[in-house]
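Student: I would like a close look at one part of this protein, the charged side chains and how they pair up or gather. Could you walk me through them, and then set them beside the nonpolar interior?

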Amino acid sequence: MSAAPEEPAKHSPARPAGRWWWGPALFGGALAALALAALSPWADAPFDELGSAPWWVAATALLAWLTLLGGLGARRGLRLAGTLAALTAALAVIGYLGGTVEADPPELFASATEPGRPVAALLAASAALVAAALCFLLSRRRVSWLPPAGTGDARARARRLTAATLAGVLLAGLAGVGGGYGAQSFQRGGEADSRVDATSQPVPPGERDTGVEVSYGEHHERVPHFEPTEVLWQETLPGAAALTTCLLDQPPYEDGEVPLEHDDDPLTVASTLVSVEAGDGEDAVIGYDTADGTERWRYTVRYEGAREDPELPAYPGRIGQVGVSDFCTVHVVADATTLVTLDGGSGEVLRETALPEPGHRFENPARSWMFLTGTHPYEGDDGGGFDWRPVVPLGQVWEFYLEQPNYLLEVRQRDGTVLSAEGLEDAGSCFRMIAPDLSPFSPRVARSPYLVTNGCVTPRYTKVPPLPQYQGDVTEAEAPHRSAPLTFDQVTALGCPYAPYLSEAGAIDRSLVLVGHWCREDFDGPVLLFDDSSDTVLVAELPADTELPLRPTATLVGEHPVAWLSGGSLYALTDVWGETVLADGPRRFVESAYREIHGGPEPLEAAFVGGAPAAAGHESLLVYGVTASGTVLALAQEADDEGEFAPELSPYAELPEAAGSCAGSREIVLDRAGLKLLTWCETPEGTVVTAVAGERLTEADDIRGQRSY
């Protein structure tokens, strides 16, 4: 006797009309999950670093997909498809455990990374397990798959059935893609552990966009003309200090520059004063907010043992130098083989760059690395002493240089990437400097530096060609490594029988400034050489008692292109020429006169020198300085009714004893975030920083209208 047929659905008990769509949705989800598992061998195309699953995983997943689709929801087809999906998951797990993903080639000087596992195979196993579970649920379902008869005609019911199925496909597909991106983020976040035993305490993300709003034109003016008015704050930092400025927001760029119509649009800037602190078993790099002198972030490096010199807290025990860029990055030689790049505004770790192992034994290997600056770290005419600085400013250059006795590295300041590496064979006989731009421009205006090789038989220099750079907030292109050798020019000996010994170098656009000692038979004191790439090179012989380094500054004023502070007085080159010192082909080396432009009743200990527009459209020297008593002065050239400037500077504003006296070395810088001056006194016991507020002078308050003190 044949089995009785199943009772028609219309005689079955009443069911909720809204529950029918679960069946098509689960069916569509199972199809989508199996499709994702079948595509897993090609997962490395949309998702980097995830690898791919073996081909047999795709084969069984595809077979399960065809079985499920061909069965159209029949229980036998659902069970077979679920079994194949479970088999696919098992094969995918085997593929994950036995597979590898080749790691990217290690960066220069870094150890090779161990191969990883193909996460794509694990994702395929997860998708197949989901499909198997859905097939099991569908095989146990008793509710009708079809919309109730009372919900419309056959076409309407078919559309609803299709919509429910596609909804399941869409949800499963989105879940699979989201899982892929999540696995990719996990894979990237779980890369190699930190190379340094360190703790980072950055600024919380919600507080990183705080800054000072200024116009684009004000931020990029040469030197703002303002009057010091009051002391904002005064704090003592644990060690040496340097300033960095961050551009948080700015007007849109067009063709690499801000259009003139957006010149007055607001932008947001913030500055950080970076210092170091030594402790017992740890050293810290600290960022201080220049708005109020409070600590904003801290990066601490731990080490074993007591620090080297407990009497000098300004000199960390185990970390190397800290290089502070003008462009919102801080570079820390955390140990002998690691350079850590921090965001200057937040303190966030941007990158850890591998450095080559030192080729010599050092008491503190991290200090074998030194950032190249415009002055060399050796004291005395013959380099007889060593002046190691814990914190050094890197200047307004896109790339900086890091040197040790065996290597010279060129590093991109924005992210700490090593751009070129050169093995040195002249260790101990030569040292190097860069010639950073001396112009008192605002941050984010960079020049390609000169690289100067000194102390050798023949000093040499070259202008380093620029690499591709970003402009504004556009992502910076990956710059290639330098491969072609750089062409060097020789520094003239000015007729001396032996090579000069340079103490410092600087650049002013296409001009080069060199200071040092040439032969004493012809020159009693140091010599300043000003080469503006023309046929005439200016040579200024300084008094024999002039202390080096001189730290010359570009003024951008034609009559006085270079100024410097020496012995408490301010001097500048003039446009008065003397006799020819040397004729070398078409080029002439000519004596240049210089003069004292400010002596004053009290010696200056630090000065920020620049030029600013003044009366009748002329350029005037503009100087902000600090005297021995700590008085902050604003100096300028006074002009008469005919627009002629006096040769000497006169103070038009002062803030008596604002910074106090200093028993160490004094510095003064302009902080464009808030229009203020920062001056500090560095001693072995710490660094006392004074922030002085300024009030911008209007066009009516030109230099002729200022009173003298």
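**Charged pairs, charged patches and the core**

Tutor: Happy to. At 4% relative accessibility, K676 counts as buried, because the cut-off for buried is under 20%. Please keep in mind that this is a predicted model. What does the side chain of K676 meet in a salt bridge? The partner is D671, with 3.0 Å from N to O. D671 is buried too, since its relative accessible area is 0%. For this pair, then, both the lysine and the aspartate are buried.

That salt bridge belongs to a wider set, as the structure holds eleven of them. Let us go through some others.

Take R389 and E682, whose side chains meet in a salt bridge at 2.9 Å, N to O. This pair links distant parts of the chain, with the two positions 293 residues apart. R389 sits in the loop between β14 (385–386) and β15 (391–395), while E682 belongs to strand β36 (residues 676–683). The two ends have their own surroundings: R389 counts as partly exposed because its relative accessibility is 27%, and E682 counts as buried because its value is 10%.

Another pair is D197 with R302, where the closest N and O atoms are 2.7 Å apart. D197 lies in the loop between α5 (154–189) and β1 (198–201) and R302 in strand β7 (residues 295–302), so this salt bridge ties together parts that are 105 residues apart in sequence. Here D197 is partly exposed, with a relative accessible area of 45%, and R302 is partly exposed as well, at 33%.

Salt bridges can also join up into a network, as they do for E277, E295 and R298.

Now for charges that gather on the surface. Which residues form the positive surface patch? They are R75, R76, R79 and R140. R76 is found in helix α3 (residues 75–98), and it counts as exposed because its relative accessibility is 75%, where exposed means over 50%.

There is a patch of negative charge on the surface too, where E521, D522, D524, E541, E579 and E591 come together. One of these, E579, lies in strand β29 (residues 569–584). With a relative accessibility of 60%, E579 counts as exposed.

Finally, the nonpolar interior you asked about. The largest nonpolar core has 22 residues, and those touching the most other members are L494, L502, L514, W518 and L529. Several strands each supply at least two residues of this core: β19 (431–435), β20 (450–454), β23 (501–508), β24 (511–517), β25 (527–531) and β26 (536–541). Which strand gives the largest share? That is β23, with four residues.

L502 makes a good place to look inside this core, and it lies in strand β23. Its relative accessibility is 0%, so L502 counts as buried. If you want a distance to check on your screen, the C-alpha atoms of L502 and P526 are separated by 9.4 Å, the two residues being 24 apart along the chain.

To bring the picture together, K676 and D671 are a buried charged pair, whereas D197 and R302 are each partly exposed. R76 in the positive patch and E579 in the negative patch are exposed, and L502 in the nonpolar core is buried.

Key. Residues numbered from 1 in each chain as written. Predicted model: local features only at pLDDT ≥ 70, side-chain atom pairs only at ≥ 80, totals over all residues. Heavy atoms only, no water. Patch = residues over 30% accessible without salt bridge, like charges linked within 9 Å, V, L, I, M, F, W, Y side chains within 5 Å. Areas by Shrake-Rupley, 256 points an atom, 1.4 Å probe, with all protein chains shown as cover. Salt bridge = Lys/Arg side-chain N within 4 Å of Asp/Glu carboxyl O. Lys, Arg positive; Asp, Glu negative; His and termini not counted. Charge placed at Lys NZ, Arg CZ, Asp CG, Glu CD. Buried < 20%, exposed > 50% of the residue type's maximum accessible area, 1.4 Å probe, protein only. Core = buried A, V, L, I, M, F, W, Y, C linked by side-chain atoms within 4.5 Å.
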